[in-house]
Amino acid sequence: MTIDDTIAAISTPVGEGAIAVVRVSGPESIVVVSKLFHGTTTPDKMRPRRTYFGELRDNTGRVDQVLLTIFQRPRSYTGEDLVEISCHGGILVTRKILSLLLNSGARSANPGEFTQRAFLNGKMDLTQAEAVMDLIRAQTELALRAANEQLAGYLGRELGRIQDQLLTSLAHLEAYIDFPDEAIAPETGKLLISRLDESIASLRRLVATADQGRILRHGLRTVIYGEPNVGKSSLLNLLLGYDRAIVSETPGTTRDTIEETINVRGIPVRLIDTAGKRWSEDAIELEGIRRTELQLAQADLVLQIVDASLPRFGSGNERERPGTNRNEPNSILILNKVDLGVHPDWASCRGVRFSCRTREGQEALNEAIWDFVMSGGMAGDDFRIAISARHQACLQKAIVDLEAAKAGLANSELLELVSIELRGALDAIGDVIGRHDTEDLLGRIFSEFCIGK
């Protein structure tokens, strides 16, 4: 793909609204818009970042009254000449305006192409480009804050700092490779290993944020689990604030999974209501129970709900009723229906006392969910970095390469092999931020060492 052409797209969601925005970016963007815009001045004479009123016309007359804003390169989102057209937000009018722009010399933009051009033109690194969609998709305040931190370049700067450390180490190695008669002094080798240890520790701290990044982006996958008629669907409806699932005294009402997302203190929680676990011969209900087991296997958190007004054990106390015997560390026990009284079997059990009817225990449940998430190593003020799965894979490779380089130095292996491992780590980090610094390495070698010595 080249970036010497001009692209256009509708930047606001399709549908009816008060206004919509159509973007045009590229070397001919002002020329393209000039063919259609009529106002008190022409686009090529407009002052940048000022808004001008006028109308867009085709060969039959006015299409719409619009506001036009010019952003001249490089001071624009894409780093190119960019025009934003604010028009009325109807489906037909926006499509008509886009069609006119395409007929006037622009082409339809590919998904994400405006942000891709911003990256290619050096307006942002790759982590910032990815943060744009995180910002758009953020469902909670914490997710929004993390996306804004990444968009501001916090992750990119941290990785850039690690890259600089590794480039310095690699520059030293390259210099010794160029002068094989000079062996690495023991104190120099210890310094290089110390630098690698520091870089490895920094990368591991970043990798440790992968779980919180996944939760902020995709939500905490939370399965509501238990016997029929213990209040699973009632709990879902209560937490959502509206009736989403059918509530009935008839056992086995829920045959399939129902999924919705709520906000618990800034954490997006994906609630999944499941079929009640019990012994059954009904084929459809058995399929629902099978799907429940699949959801349990994929869950980050299980809300195990029981009817605390009933005995914990079945007849004869020979075994616990199905759906009441999970003790995994990712489970929170909810003792529901406490408004009806708590059976002695549950009196000594640790769990959240709850009532879907009176709402007793709702704040305690929120607290338990928050504590569960934070027990994974997150801190309430530590959402500045939340790496994605792609970042995690790249940084884990970098750690493996650095560990190999460190072992090579410690075992006095060939410096050429150590250099290959360091370059591999630099490439892996470069894949995260979209920067590979071969030229930077050359500059570092020549600036820090006198090659002609």
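Lys-337 sits in the loop between strand 12 (331-336) and strand 13 (352-353) of this predicted model. Its phi is positive, about 65°, although Lys-337 is not a glycine. The residue is partly exposed, with a relative accessible area of 24%.

A positive phi also occurs at Arg-359, another residue other than glycine, where the value is near 70°. Arg-359 belongs to the loop between strand 13 and helix 11 (362-374). Its relative accessibility is 48%, and Arg-359 therefore counts as partly exposed, since only values over 50% count as exposed.

The backbone has a further feature at Pro-74. A cis peptide bond joins Arg-73 to Pro-74, with omega about 0°. Pro-74 lies in the loop between strand 5 (61-71) and strand 6 (82-89).

Nonpolar side chains tend to be buried together in soluble globular proteins. In this model, the largest nonpolar core has 34 residues. Leu-235, Leu-303 and Leu-365 have the most contacts inside this core. Helix 11 supplies the largest share of the core, six residues. Another core, of 32 residues, lies apart from the largest one. Among its members are Leu-167, Val-207, Ala-210 and Leu-395.

The surroundings of Leu-235 were examined with its neighbours within four places in sequence left aside. Leu-235 is then in contact with Leu-303 and Leu-365. Its other partners are Ile-224, Ile-305, Ile-334, Phe-354 and Cys-356.

Definitions and conventions. Residues numbered from 1 in each chain as written. Predicted model: local features only at pLDDT ≥ 70, side-chain atom pairs only at ≥ 80, totals over all residues. Heavy atoms only, no water. Helix = DSSP H or I, 4+ residues; strand = E, 2+ residues; numbered from the N terminus. Buried < 20%, exposed > 50% of the residue type's maximum accessible area, 1.4 Å probe, protein only. Core = buried A, V, L, I, M, F, W, Y, C linked by side-chain atoms within 4.5 Å. Contact = heavy atoms within 4.5 Å.
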